[in-house]
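The following exercises concern the geometry and packing of one protein chain. Each task is followed by a solution worked in steps.

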Amino acid sequence: MAAPKPAGQPQLIFVDGSFEDLAIEMADYLKAEDAKQLLSQDKKASVEDVLTKLVAASNALNTVSEKEYTAASNLMIHLVLQSSDPKKHLPALCSTFSKPLVSSPVHGVGLSLNALTTVFNLLEPNDPIRSRVFMEILKFLRAHGMYDGLRPYLEKLPEWLEAWGTAPDYQRKIYEEVAEVALEVGEQSQGYEYILKALRTFDADKEDVSSEEARRLSLRAIRMALLSNTYFLFQDLRGIASVQALSDTEPVYSQLLDIFAEQDLEDYNDFNDEHEGWVDKENLEHEKLHRKMRLLTFASLAAATPSREIEYSRITKALQIPAEEIEMWAIDVIRAGLVEGKLSQQRQMFLVHKVTYRVFGQKQYQELATRVDHWRSTLQNVLTVLRQEQVSAKAQREREQQELERKVANAGAGSGGNQGERRRQQRERTDNDD
């Protein structure tokens, strides 16, 4: 008789029969002699003992035909879920499903993934075992370069981890495995994002931020950020507790991160002089770092210029480049999304439209305050000119109105005098006629 199932657990409605009958059918199908012998005894075998034998023989599923695989795997899953403690059997069963289906080189990967996801979906949503099954799915996706198969899971992953009550250390393993799946197919930004999620699982109030695992992951994140062609802002990374702890265990890496977070090319050159050969020893690709540092220096120069007009001479000095390379670096910094603007060859200036601040601390607040004061002064000057123009325009309108009234009054007075003279002359003619 099957073990009672937890309330609300989903059923495979196409599986019908008692546990014993289905177990005998499965044992025959797998040619599991130990299980068959156990089931044929007069004394009824326990569910757990039978499942142990069946799961041990489940590798035979990888040799069945493509058409039979789904039905056979579903029956095996159904049987295992009759256990009072499925987590004893699921790791081995998931390991079986993760192996390639010999009879189906084309569709075998998809069939195996379907079997794994069936296990996952048939477990209760808040069942902690789900986290272990999910890890097996991640390993399978990574092995087969199937990042697209992972995308549907990512949105719900934080909610699932909370529902499963997953411990921080296992959350970290899951996040790092997600990163590996993404990196396997070249999804660098997604990979980096999940490495940061893994780092944030370390408790800043405990000593684990200084552990070997924390150090390893922190160094990995720093290296990824430094060598990325698209990552230019390091403030979030620098704010993670385990990364901050590197100032004690890995001071050179910590110093380099500070330079890329808020300093300039000259500081990077000084760093190389101080730690000669260190960058090459750590395989950090000096040319790539040097180029990135020039772009970041350009951004800092733009952010520190309240007038938004940078003379070519300042660019060449800060970036340590000849004047003929200014256009190339201006194009590159715009493509990187750090600065928006245009070159004025006539004025020999770069005109800044918009700039991304690398950090926003006290220094940046002061620069912003300077810029706001500059804008306020400009607006006050404009307002003064507008008010003067308003006064001048009002005075001009008043003068014009007065001139118009004077002309109208003069015209009226002239017209009245002429009419009186004509009446007088007319009376004189009448008197003469008489």
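**Exercise 1. Classify the burial of Phe134 and describe its ring pairing in this predicted model.**

Step 1. Phe134 has a relative accessibility of 0% and is therefore buried, the cut-off for that class being under 20%.

Step 2. Trp164 has a relative accessible area of 4%, so this residue is buried as well.

Step 3. A pair of aromatic rings is described by the distance of the centres and the angle of the planes. Of the 17 aromatic pairs counted, one is formed by Phe134 and Trp164, with 6.3 Å from centre to centre and 50 degrees between the planes. The pair is classed as tilted, since edge-to-face requires over 60 degrees and stacked requires under 30.

Step 4. The two rings belong to distant parts of the chain: Phe134 is in helix α7 (residues 129-143) and Trp164 is in helix α9 (residues 157-164), 30 residues apart.

Step 5. Ring pairs also place both residues in a cluster with Phe120, Tyr153 and Trp160.

**Exercise 2. Determine which class of geometry the pair Tyr231 and Phe234 belongs to.**

Step 1. The ring centres of Tyr231 and Phe234 are 5.5 Å apart, and the planes meet at 90 degrees.

Step 2. The angle is over 60 degrees, so the class is edge-to-face.

Step 3. Tyr231 is buried at a relative accessible area of 19%, and Phe234 is buried at 0%.

**Exercise 3. Characterise the salt bridges of Arg220, Arg238 and Arg151.**

Step 1. Side chains of opposite charge can pair when their charged atoms come close. The whole structure contains 21 salt bridges.

Step 2. Arg220 meets Glu180 with an N to O distance of 2.9 Å. This pair links distant parts of the chain, with Arg220 in helix α12 (residues 212-227) and Glu180 in helix α10 (residues 168-184), 40 residues apart. Arg220 is partly exposed at 22% relative accessible area, whereas Glu180 is buried at 16%.

Step 3. In the bridge between Arg238 and Glu262, the closest N and O atoms are 3.0 Å apart. Here too distant parts of the chain are linked: Arg238 is in helix α13 (residues 235-238) and Glu262 is in helix α16 (residues 251-262), 24 residues apart. Arg238 counts as buried at 17% relative accessibility, while Glu262 is partly exposed at 40%.

Step 4. Shared partners join Arg142, Glu176, Glu177, Glu180, Arg216 and Arg220 into one network of salt bridges.

Step 5. Arg151 and Asp148 form a salt bridge at 3.0 Å, N to O. Arg151 is partly exposed with a relative accessible area of 41%, and Asp148 is exposed at 58%.

**Exercise 4. Establish why Arg294 is not assigned a salt bridge, given its distance to Glu325.**

Step 1. Arg294 lies in helix α19 (residues 286-303) and is buried.

Step 2. The nearest side chain of opposite charge, that of Glu325, is 5.2 Å away. A salt bridge requires the nitrogen and oxygen to be within 4 Å, so none is assigned to Arg294.

Step 3. Beyond four places in sequence, Arg294 touches Leu265, Leu319, Gln320, Ile321 and Trp329.

**Exercise 5. Compare the surroundings of Leu90 and Leu386.**

Step 1. Leu90 lies in helix α5 (residues 90-97) and is buried, with 3% relative accessible area. Leaving out residues up to four places away, its contacts are Val80, Val119, Leu123 and Ile129. Val133, 43 residues away in sequence, has its C-alpha 7.8 Å from that of Leu90.

Step 2. Leu386, in helix α22 (residues 362-433), is partly exposed at 48%. With Val382 and Leu383, Leu386 forms a nonpolar surface patch of about 250 Å² accessible area.

**Exercise 6. Locate Lys31 and Asn283, and state the sign of phi in each.**

Step 1. Lys31 is in the loop between α1 (19-30) and α2 (33-40), and its phi is positive, near 60 degrees. At 64% relative accessibility, Lys31 is exposed.

Step 2. Asn283 is in the loop between α18 (278-281) and α19. Its phi is also positive, near 55 degrees, and Asn283 is exposed at 56%.

Terms used. Residues are numbered from 1 along each chain as its sequence is written. This is a predicted model: local features need pLDDT of at least 70, side-chain atom pairs count only at pLDDT 80 or more; totals for chains, interfaces and linings use all residues. Side-chain values use heavy atoms; hydrogens and water are left out. Patches are made of residues with over 30% relative accessible area and no salt bridge: like charges are joined within 9 Å, nonpolar side chains (Val, Leu, Ile, Met, Phe, Trp, Tyr) within 5 Å. Accessible areas come from the Shrake-Rupley method with a 1.4 Å probe; for residues, only the protein chains shown count as cover. Helices (H or I, at least four residues) and strands (E, at least two) are DSSP runs, numbered from the N terminus. Buried means under 20% relative accessible area, exposed over 50%, partly exposed in between (1.4 Å probe, protein chains only). Contact means heavy atoms within 4.5 Å. Lys and Arg count as positive and Asp and Glu as negative; His and the chain ends are not counted. Rings of Phe, Tyr and Trp (its six-membered ring) pair if their centres lie within 6.5 Å; planes under 30 degrees apart count as stacked, over 60 as edge-to-face and the rest as tilted.
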